2 protein chains.
Amino acid sequence: MSSTRDIDALIDLMAKLPGLGPRSARRAVLHLIRKRALQMTPLADLMQNVAASARECVNCGNIGTADLCDICTSNKRANGQICVVEDVADLWAMERSGVFKGRYHVLGGTLSALDAVGPEDLRIPRLADRIGDEDITEIILALNATVDGQTTAHYIADQLEDRVTLTSLAQGVPIGGELDYLDDGTISAALNARKPI
Amino acid sequence: MSSTRDIDALIDLMAKLPGLGPRSARRAVLHLIRKRALQMTPLADLMQNVAASARECVNCGNIGTADLCDICTSNKRANGQICVVEDVADLWAMERSGVFKGRYHVLGGTLSALDAVGPEDLRIPRLADRIGDEDITEIILALNATVDGQTTAHYIADQLEDRVTLTSLAQGVPIGGELDYLDDGTISAALNARKPI
């Protein structure tokens, strides 16, 4: 069975991707084999390129292909504001909304005593340095509204509150959200933060 | 943004895989970028190899890396029996059960007047040729228990019934199945095919 060993190994590797299991990995590989010229070869080439070139920005932790990412080097982005996110996926989500025009800082996780994740593991010292280096006036804490995310936000606020204006994302009813499906915490946050029409 | 164009293109290609959408493709690509040495490079290399070497067996339609697949060339498989399946995924499912020791024939779909799929598109003439070429005595029709699958099975049975013994997979209650969750058709098939204990 030596000749199908590569196919089996490919299925095993694909099954390790988040969101795929053994069954969906088999389906994906069969699909790719059927479209090997049109989809599989380009996908393999691109993956090769990205694996060789992708790296973390030394300044903000975003993923790019140079030591400094596109957002850090861009002269079209506003200076003075940093949006702090947990993860590159969160940065991508913010960018898709297209509203924020400043710079980012990717922590790479949240503080966790249980998992022994301290401030040094999260680029928090680097964030403090950037305030001076880049004349930052506002830091927007766009951390997830989870216990860990909010704990981390409080820690950062404690550290930096004397040096810079700190803000966080508004909490309330999501656009298109139905009250009936919202949890009690969201409803009470939205009620407390109610505003005149 | 030239440097992240490859990453965006990779996400777009991954999102075209069955079972993945834009969101899960982003998650998968981020996961791969984080593990680029351990997972992404091996995955890209394997994909490259498989894309270059995978092809359909000219005899049975299975996927392998030579003109004749491992099962067709193996001398450990029993001669005289062919199991007819719709798709390579079905062949893989049969092989995982490990019960069938004969050869296979992959149709590559089902007959469909609507989609203009005729017998020539499904390797049915080749199946008829194999009966003589390989001294086949039994053809097991392991087609899906769908309308299309059963229509195709009837067509093949009509064509070949004079030349060979034709059998199909038993229908009934799946192992571990609960009657309460089974459809009426399955229950009535299982009742009609009841057997003495």
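## Contact between the chains

Between chain A and chain B the count is 2 salt bridges, in a model that is predicted. In a salt bridge between the two chains, the side chain of Arg34(A) meets that of Asp87(B), with an N to O distance of 2.9 Å.

The size of an interface is often given as the accessible area lost when the parts come together. For chain A and chain B the buried area is about 4900 Å², and carbon and sulfur atoms give 71% of it. Of the area that chain A buries against chain B, 13% is supplied by Pro18(A), Met47(A) and Trp92(A), which is more than any other three residues supply. Counted by residues, the contact takes 48 from chain A and 48 from chain B.

## Domains of chain A

The domain assignment divides out two parts of chain A, with domain 1 covering 2-53 and domain 2 covering 76-168. When the centres of these two domains of chain A are taken over C-alpha atoms, 35 Å separate them.

## A nonpolar patch on chain A

On the surface of chain A, Val173(A), Leu179(A) and Ile187(A) make a nonpolar patch of about 250 Å². One of these residues, Leu179(A), is found in the loop that runs between strand E6 (165-168) and helix H8 (184-192) of chain A. The relative accessibility of Leu179(A) is 55%, and because exposed means over 50%, the residue counts as exposed.

## Positive phi angles in chain B

Most residues other than glycine have a negative phi. Against that background, which residues of chain B have a positive phi although they are not glycine? Arg123(B) has a positive phi of about 60°, and Asp135(B) has a positive phi of about 50°; neither of the two is a glycine.

Helix H6 (124-133) of chain B helps to place both residues. Arg123(B) is in the loop between strand E4 (103-106) and helix H6 of chain B, whereas Asp135(B) lies in the loop between H6 and strand E5 (138-141) of chain B.

Are Arg123(B) and Asp135(B) buried or exposed? Arg123(B) has a relative accessibility of 19% and therefore counts as buried, since the limit for that class is under 20%. Asp135(B), by contrast, has a relative accessible area of 62% and is therefore exposed, the limit there being over 50%. The two loop residues with positive phi thus carry opposite labels, buried for Arg123(B) and exposed for Asp135(B).

Conventions
Residues numbered from 1 in each chain as written. Chains lettered and ligands numbered in written order. Predicted model: local features only at pLDDT ≥ 70, side-chain atom pairs only at ≥ 80, totals over all residues. Heavy atoms only, no water. Patch = residues over 30% accessible without salt bridge, like charges linked within 9 Å, V, L, I, M, F, W, Y side chains within 5 Å. Areas by Shrake-Rupley, 256 points an atom, 1.4 Å probe, with all protein chains shown as cover. Salt bridge = Lys/Arg side-chain N within 4 Å of Asp/Glu carboxyl O. Helix = DSSP H or I, 4+ residues; strand = E, 2+ residues; numbered from the N terminus. Buried < 20%, exposed > 50% of the residue type's maximum accessible area, 1.4 Å probe, protein only. Domains from an automatic or database assignment. Contact = heavy atoms within 4.5 Å. Buried area = accessible area lost by both parts, 1.4 Å probe.
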